[in-house]
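I set out to look up one residue, one pair of packed helices and one chain interface. My entries follow in that order.

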Amino acid sequence: MPRILPQVLKNVLRKPVTVKYPYVRVEPPEGYRGRPVIDKEKCIRCWLCIRACPDRAISVSKETKKPSIWLGRCTFCGECAEVCPTRAIAMTKEFELATYDIQQAKSE
Amino acid sequence: MTFVLPIGPQHPALKEPEFFRFEVKGEEIVDVDIHLGYAHRGIEEALSRRNYKHNIYLSERICGICNVVHTTTYCQAVEQLAGVEPPERAKYIRAIIMELERIHSHLLWLGIAAFQIGFNTLFMLAWRDREYVMDLREMISGSRVHSATNTIGGVRRDVKTEHVPTILRGLEKLERSTKYYINLFGSDRTILARCTNLGVLSKKDAIKFCAVGPLARASDVKTDIRADDPYGAYDALSFNVVIEREGDVLAKGMVRLREILESIRIVRQALKEMPGGPIRTRVGLQMPPNETVERTEAPRGELLYYIRSNGTDTPERVRVRTPTYGNFASMKSMFVGGTVAEIPIVMWGIDPCFGCNDRVTLVDSRTGKTRIVSFDELRRRRK
């Protein structure tokens, strides 16, 4: 018992390693692959992203003829952002994507 | 008089769905029967329906813990089919990420092993240190787990020069704590009492049942694909193949912990010797008809990919042999003669990853022979 006392005291005084998550946030590093966003002004409708997407998450709307990414299928690999010739798709640092509204689960 | 003790598919001692049928005589285990296939996802069939590029991300999802090794093996195999060689720098980056993955996988093993023997403090400490590796991986590849770094003909993301000091600092922290764990594994009374002479796999049995990876190395079998059949940058990197003699759970833990130190050495060496230049070569997706076999050393052992191409942009057949699958045959000789209380830690001693394992094997409990049966046959047997 006395053998562990110094360790116990050290641990009592030490700051916790964990972060109290919803209140304290850790910024993801540069180049983090989070929610992909589409800049529709830049899109030239070449549809390379649709061909590059491994899980067919990108679809085109019939009315506006612009792509949208369904995040329910997206695996955040970043292939679409890499293949886009005008850099219209970019990966953001946003990662809290759980939602009740299906319209929120789309990146347009 | 023997009793049957079924464990799984849903059981608190196992984190993944797999069924084990233990025959016990009192406390002693006299026989074990393993039923695999609860985590079957049909990935091999799906692999032969997508093109080569999309398959990278599917093969990454065969196993969450060792995903880089899966994609590296897959990409190396496809590069062989295409007849291209990735640039030198890409090989080094692959080696760095693979070794970081090995460190995180072994620390994860240590945490769960400590949890299985009821040593929760060590579990917390090991997983705290694992976070350092995960942060490094997140910094290098952009995601904690699924790195998506590999591509056919190289890697997609470079290791930046400003990242190198952070990686070295992280490795120093890891080295310090790993040395502490090695010391702990050799001296702590709880660990010694729960791990020595437990689940012993003799050298003879390890060779007979074709054990792979740390399991074989803990039984004094010197086998490591990185050294035996070097791939990628491992030709140029120097490291020792860690072996232990005893073959019990303690030796299996020691092998893994000492491998972390070797991995740290490899990463440092690779960062120092990494040549400059391009990181990827462009490869067309139309592969000429051919077949290829590629094997690498995953954290759990030998990983094998077989790919047959037919001139189109989709492979005709992809076969994956995961290390856990290779280690199931030796399970019986580790369990028989032990007691019921040993089951979780001995099972965790092989570092099973059932997610990797999507085939069905039956072990004949009388003769100890394994054979593979199809799903239909299995269904007929159930009736």
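Entry 1. I began with Asp205(B), which lies in helix H8 of chain B, a helix that covers residues 203-208. The model is a predicted one.

Entry 2. Is Asp205(B) buried or exposed? I found 17 other C-beta atoms within 10 Å, and because a residue needs 20 or more to be buried and 12 or fewer to be exposed, Asp205(B) is partly exposed.

Entry 3. I next asked which residues Asp205(B) is in contact with, neighbours within four places in sequence left aside. They are Ser330(B) and Ser333(B).

Entry 4. I then took the separation of Asp205(B) from Arg94(B): 111 residues in sequence and 34 Å in space, C-alpha to C-alpha.

Entry 5. Arg94(B) led me to the packing of two helices, as this residue belongs to the H4(B) side of the contact with H3(B). In chain B, H3 comprises residues 67-82 and H4 comprises residues 88-116. I noted an angle of about 145° between them and a distance of 8 Å between their axes. The crossing of H3(B) past H4(B) is left-handed.

Entry 6. Which residues meet there? From H3(B) I listed Val68(B), Val69(B) and Thr72(B); from H4(B), Arg94(B), Ile97(B), Met98(B) and Glu101(B). Sorted by class, this contact holds 4 nonpolar, 1 polar and 2 charged residues.

Entry 7. Last, I turned to the two chains and asked how many residues of each are in contact. Chain A contributes 11 residues and chain B 10. On the side of chain A that touches chain B, I recorded 6 nonpolar, 3 polar and 2 charged residues.

Conventions. Residues numbered from 1 in each chain as written. Chains lettered and ligands numbered in written order. Predicted model: local features only at pLDDT ≥ 70, side-chain atom pairs only at ≥ 80, totals over all residues. Helix = DSSP H or I, 4+ residues; strand = E, 2+ residues; numbered from the N terminus. Contact = placed C-beta atoms within 7 Å. Axes fitted to C-alpha atoms, helices over the stretch in contact; angles between N-to-C directions. Left-handed = near helix turned anticlockwise from the far one by under 90°. Nonpolar A, V, L, I, M, F, W, Y, C, P; charged D, E, K, R; others polar.
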